[in-house]
Amino acid sequence: MLVGTSSIENSEIIDELLQREGLPHEVLNAKQHAREADIIAQAGRPKAITIATNMAGRGTDIVLGGSLEKALAALEADESLDAAAREQQVAALRAAWQKDHDFVVAQGGLRIIATERHESRRIDNQLRGRSGRQGDPGSSRFYLSLDDALMRIFAGERVKSIMERLKMPEGEAIEAGIVTRSIESAQRKVEARNFDMRKQLLEYDDVSNDQRKVIYQQRNEILDAQDLSAQIAGLRESSFTDLVRRHVPAESVEEQWDLPALEKALAEEWQLPLQLQAEVAAASAIDDDDVLAKVVQAANAAFDAKVAQVGGAQFTQFERIVLLQAIDSHWREHLASLDYLRQGIHLRGYAQKQPKQEYKREAFELFGQMLDGVKAEVTKTLMTVQVQSGEQYGEAAEQMENRAERIANVTYPAPTETGEVEVTAEPRASLTAAGAAALAAGEMPRVGRNDPCPCGSGLKFKNCHGKLS
């Protein structure tokens with residue numbers, strides 16, 4: 001007997017009822033995935049009861065009388081038996097199986113009992129198809145209550161009124177065509193709704209899939225390119241053009257220019273100090289295109305100087321790493337933004353707008369913003385990177401070690417388990433004589449746990465010299 005349910009919760013309810021009656025049985029659901037094949041293979045044994053959820057192929061047939069494959073394999077693997085004894089036991093197993101098979105066939109084969117109708121006709125047909133396979137006998141019976149979700153939502157009231165009008169007794173089997181057609185109509189409605197949901201989801205995924213193709217194509221081009229100077233130059237020129245146009249609009253007069261703000265942005269954000277105000281004041285005639293050309297020319301010169309210090313081949317590898325990291329990080333953020341946008345885009349329907357068209361439009365805008373973010377991050381990283389020689393690197397390391405030696409023993413208060421305040425002092429490194437003198441003189445300031453460590457490592461103090469041993 002095979003008992004079919006539509007959910008794991010219902011299978012556990014049937015499991016408890018059978019345990020209460022003392023009937024041995026097996027439960028086949030997601031919790032029993034390791035024993036799935038064995039449970040299905042033995043579901044055709046005499047007096048076997050198997051509770052299962054969705055029954056598709058499952059990779060194993062339900063053989064009437066049970067499966068002999070595992071028992072025969074165990075006999076074949078038993079090296080303690082000789083050939084004659086093995087053949088004798090195999091024959092005994094086959095005879096016992098044939099007896100069980102004939103008994104199950106005489107009883108009518110595999111009996112399918114479904115506790116409810118699934119919302120999909122395909123699942124019901126798969127459950128029916130587990131019996132009567134390859135000429136074996138079998139039967140199936142589906143039970144349905146008017147309180148089931150499928151009937152309650154779609155056809156419950158109409159069928160209930162018909163049953164009350166006909167005064168049908170409680171528990172009577174209903175095999176009228178109108179009930180069957182009502183159930184099939186309800187299942188068709190659910191299947192149509194699920195199909196529309198999948199179709200709509202696919203249309204939304206097509207938007208991100210088109211953008212994904214563009215991003216992956218760019219990544220492949222970056223990985224395969226031997227020289228990235230043309231791409232980097234294009235990004236750099238576009239970034240500085242956007243920056244200049246924010247302060248010096250196109251086709252504008254000199255009174256509309258904000259040169260002090262442009263000089264400040266170039267010096268602080270891009271490490272490109274320029275005296276634009278002085279050059280504009282000294283020039284007899286200058287327009288906005290000349291200012292843009294001066295900024296782009298200065299940026300190209302500063303970038304070429306860095307490349308000349310390192311070498312073109314080595315700097316290309318650095319450019320490739322920066323490009324890939326920027327694209328990957330911004331792409332992950334963009335995917336999260338698309339998911340967030342999709343969750344609430346259906347509300348646009350209340351404003352008489354097509355949600356899918358609105359999603360495509362805003363997704364395109366977000367994609368453009370992502371590309372602008374990648375362009376700005378890559379250009380700023382390459383323009384602000386500091387190229388140091390070996391001697392400069394050694395001097396910086398020596399200065400860092402000297403600062404670390406001068407770090408005093410920093411104390412900080414922390415509550416104990418009882419709530420009292422305890423002052424803790426944990427020296428990270430041994431102090432030199434100069435460091436001890438500085439500590440005695442009180443020259444070292446107090447450092448918070450989450451503040452940068454004074455040694456200059458860039459780590460928080462609690463993760464560096466203030467780390468508890």
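Which residues in α3 meet which residues in α4? Let's start there. One caution before the answer: this is a predicted model.

On the α3 side we have Ala 71, Leu 72, Leu 75 and Glu 76. On the α4 side, they meet Arg 86, Gln 89, Val 90, Leu 93 and Arg 94. Sorted by class, this contact has five nonpolar residues, three charged and one polar.

Now the geometry. Two packed helices are described by the angle between their axes and the distance between the axes. Helix α3 covers residues 69-77, and helix α4 covers residues 83-106. Their axes come within 10 Å. They cross at roughly 170°. Anything over 145 degrees counts as roughly antiparallel, so α3 and α4 are roughly antiparallel to each other.

Staying with α3, look at the loop that leads there from β3. β3 is residues 50-52, and Thr 53 lies in the loop between β3 and α3. Is Thr 53 buried or exposed? Its relative accessibility is 14%, so Thr 53 counts as buried; the cut-off for buried is under 20%. Thr 53 also pairs up in space with Ile 8. The two are 45 residues apart in sequence. C-alpha to C-alpha, they are 6.6 Å apart.

Next, the internal space. How many cavities of 30 Å³ or more does a search of the whole structure find? One. The largest cavity holds about 80 Å³ of space. Its lining has 13 residues, and the closest to the centre are Thr 5, His 118, Ile 123, Asp 124 and Leu 127. Helix α5, residues 121-128, gives the most to that lining, with three residues. By class, the lining of the largest cavity divides into six polar, five nonpolar and two charged residues.

On to a pocket. The second largest pocket has a volume of about 260 Å³. Which helices each supply at least two residues of its lining? They are α7 (177-224), α8 (229-247), α12 (312-344) and α13 (355-384). If you want to find the pocket on screen, pick out these lining residues. Start with Ile 215, Gln 218, Glu 221 and Ile 222. Add Gln 231 and Leu 235. Then take Leu 323 and Ile 327. Finish with Met 370, Leu 371, Val 374 and Lys 375. The class count for this lining is eight nonpolar, two polar and two charged residues.

We met α8 at the pocket. Now look at His 247, which lies in that helix. Its relative accessibility is 16%, so His 247 counts as buried. What does His 247 touch, leaving aside residues up to four places away in sequence? The list is Gln 256, Trp 257, Asp 258, Ala 261 and Leu 262.

Last topic: backbone angles. Gln 271 is not a glycine, yet has a positive phi of about 50°. Gln 271 lies in the loop between α9 (259-269) and α10 (276-282). With a relative accessible area of 41%, Gln 271 is partly exposed.

Gln 352 is not a glycine either, and its phi is positive, at about 60°. Where does Gln 352 lie? In the loop between α12 and α13. Gln 352 has a relative accessible area of 73%, so this residue is exposed; the cut-off for exposed is over 50%.

That's the tour. Questions, please.

Conventions: Residues are numbered from 1 along each chain as its sequence is written. This is a predicted model: local features need pLDDT of at least 70, side-chain atom pairs count only at pLDDT 80 or more; totals for chains, interfaces and linings use all residues. Side-chain values use heavy atoms; hydrogens and water are left out. Axes are lines fitted to C-alpha atoms, for helices over the stretch in contact, and angles run from 0 to 180 degrees between N-to-C directions. Helices (H or I, at least four residues) and strands (E, at least two) are DSSP runs, numbered from the N terminus. Angles under 35 degrees count as roughly parallel, over 145 as roughly antiparallel, 65 to 115 as roughly perpendicular and the rest as oblique. Contact means heavy atoms within 4.5 Å. Ala, Val, Leu, Ile, Met, Phe, Trp, Tyr, Cys and Pro count as nonpolar, Asp, Glu, Lys and Arg as charged, and the others, Gly among them, as polar. Buried means under 20% relative accessible area, exposed over 50%, partly exposed in between (1.4 Å probe, protein chains only). On a 1 Å grid over the protein atoms alone, a cavity is a set of points where a 1.4 Å probe fits but cannot get out, and a pocket is an open set with protein on both sides within 12 Å along at least five of seven lines; lining residues have an atom within 4 Å of a point. Grid points are joined across faces, edges and corners, and a volume is the space filled by probe spheres set on the points.
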